[in-house]
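Here's a walk through the empty spaces and the packed interior of a protein model. Have the structure open and follow along.

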Amino acid sequence: MSNYPFTLADINFVPAGVRSPESRYVEGSTEAVKNYEPEIRSVRIANGRVEQDLFKLDTHGFELVPHSTALGAVEDAAHPDIAEIYEPEIDRLLKAATGADDVLIFDHTIRIAGNRNGRRPVFQAHNDYTETSAPQRVAQLIGDKDAARRFDGRVAQVNVWRPLKGPVQALPLAVADARTVDPYDLRKSALVYPGRVGETYHLTYSPRQRWTYFPEMTTDEVLLLKGYDSATDGRSRFTPHTAFEHPETRADAPARHSIETRTFLFFNA
């Protein structure tokens, strides 16, 4: 899987004619009912291993970083080792990798392919936050007053994606080069849950978009993904991504088991 410069694989997009996509979740279900049928496109996905040092978080919206962890293959996001061991590791990593003054870690999602009772990989090109929902989430987490103070400086939302069992042999993560995603391609999408409504960007297809994946990621690697940046100076701001079925995956490949840590980074003015 790692020897070829690219692969062709299917990715789910929002059809261009859908202006207000919506995903509605029923109580007790992890599956969403959408108000549209996804548009499936066969997309060329480049092997990022070929030039993996080229990709930078503030330029492309993603970056592969070598980073070992003492966290084992936990299956529960509430496992005490995540708070006691993993969060300090991620705090140090992000400060070193980005120069952030402060890191707010606010969510961990563990995904295990085929696990009926847990979160499974997402097969939809999406970005976790929007121009609106990212600042709202900061205010929810730290309060309006502190949020306003933080936005006097720069605020970025970054996900840290890591395999908890490796190497990844099934359902790798594909990421879009943020420079190739036009604002028109990003469609605000309502996530309707019992009792609350969230908002993400879902992606419409464009031939201009460039996709990359890093085959056979190990537990000693993380992929940094930029989900939002308050800076509008030309650096990356939104980075769509999705799991995908690699056409050369072996039938006996082990299930993908990963952790995605969501953070906000604060840079002093």
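Searching the whole of this predicted model turns up one cavity of 30 Å³ or more. It holds about 50 Å³ of space. Go looking for its walls and you'll land on Trp-161, Val-168, Pro-172, Leu-173, Phe-214, Pro-215, Glu-216, Met-217 and Leu-223. That lining is eight nonpolar residues and one charged, with no polar ones.

The largest pocket is another story. Its volume is about 1400 Å³, and 42 residues line it, with Tyr-25, Arg-111, Arg-119, Leu-191 and Tyr-193 closest to the centre. Which strand gives the most to this lining? That's S11, with six residues. At least two residues apiece also come from strands S2 (22-25), S3 (32-34), S6 (102-112), S10 (186-193), S14 (241-243) and S15, and from helix H3.

Here are the two spaces side by side:

| Space | Volume | Nonpolar lining residues | Polar lining residues | Charged lining residues |
|---|---|---|---|---|
| Largest cavity | about 50 Å³ | eight | no | one |
| Largest pocket | about 1400 Å³ | 14 | 15 | 13 |

Now for the packing. The largest nonpolar core has 25 residues, and the ones touching the most other members are Ile-11, Phe-13, Ile-45, Leu-203, Trp-211 and Phe-264. Several elements each supply at least two residues of this core: strands S1 (6-13), S4 (39-47), S9 (173-176), S11 (196-203), S12 (211-213) and S15 (257-267), plus helix H3 (133-142). The largest share, three residues, comes from S1.

Try clicking on Ile-45. Leaving out residues up to four places away in sequence, Ile-45 touches Phe-6, Thr-7, Ala-9, Ile-11, Ala-174, Trp-211, Thr-212, Tyr-213 and Phe-244. There's also a second, separate core of 23 residues, which includes Tyr-86, Ala-100, Ile-105 and Phe-267.

Zoom out and you can count four helices and 15 strands. Of the 269 residues, 49% are buried. Among contacts with a separation of 6 or more, 81% join residues 24 or more positions apart.

What about overall dimensions? The C-alpha atoms fill a box of roughly 50 × 45 × 40 Å along the principal axes. A compact globule of 269 residues would have a radius of gyration near 18 Å, and the protein has 18 Å, so the value agrees with that expectation.

How values were computed:
Residues are numbered from 1 along each chain as its sequence is written. This is a predicted model: local features need pLDDT of at least 70, side-chain atom pairs count only at pLDDT 80 or more; totals for chains, interfaces and linings use all residues. Side-chain values use heavy atoms; hydrogens and water are left out. On a 1 Å grid over the protein atoms alone, a cavity is a set of points where a 1.4 Å probe fits but cannot get out, and a pocket is an open set with protein on both sides within 12 Å along at least five of seven lines; lining residues have an atom within 4 Å of a point. Grid points are joined across faces, edges and corners, and a volume is the space filled by probe spheres set on the points. Ala, Val, Leu, Ile, Met, Phe, Trp, Tyr, Cys and Pro count as nonpolar, Asp, Glu, Lys and Arg as charged, and the others, Gly among them, as polar. A nonpolar core is a set of buried Ala, Val, Leu, Ile, Met, Phe, Trp, Tyr and Cys residues joined through side-chain atoms within 4.5 Å. Buried means under 20% relative accessible area, exposed over 50%, partly exposed in between (1.4 Å probe, protein chains only). Contact means heavy atoms within 4.5 Å. The radius of gyration is taken over C-alpha atoms; the globule rule is 2.2 Å times the number of residues to the power 0.38.
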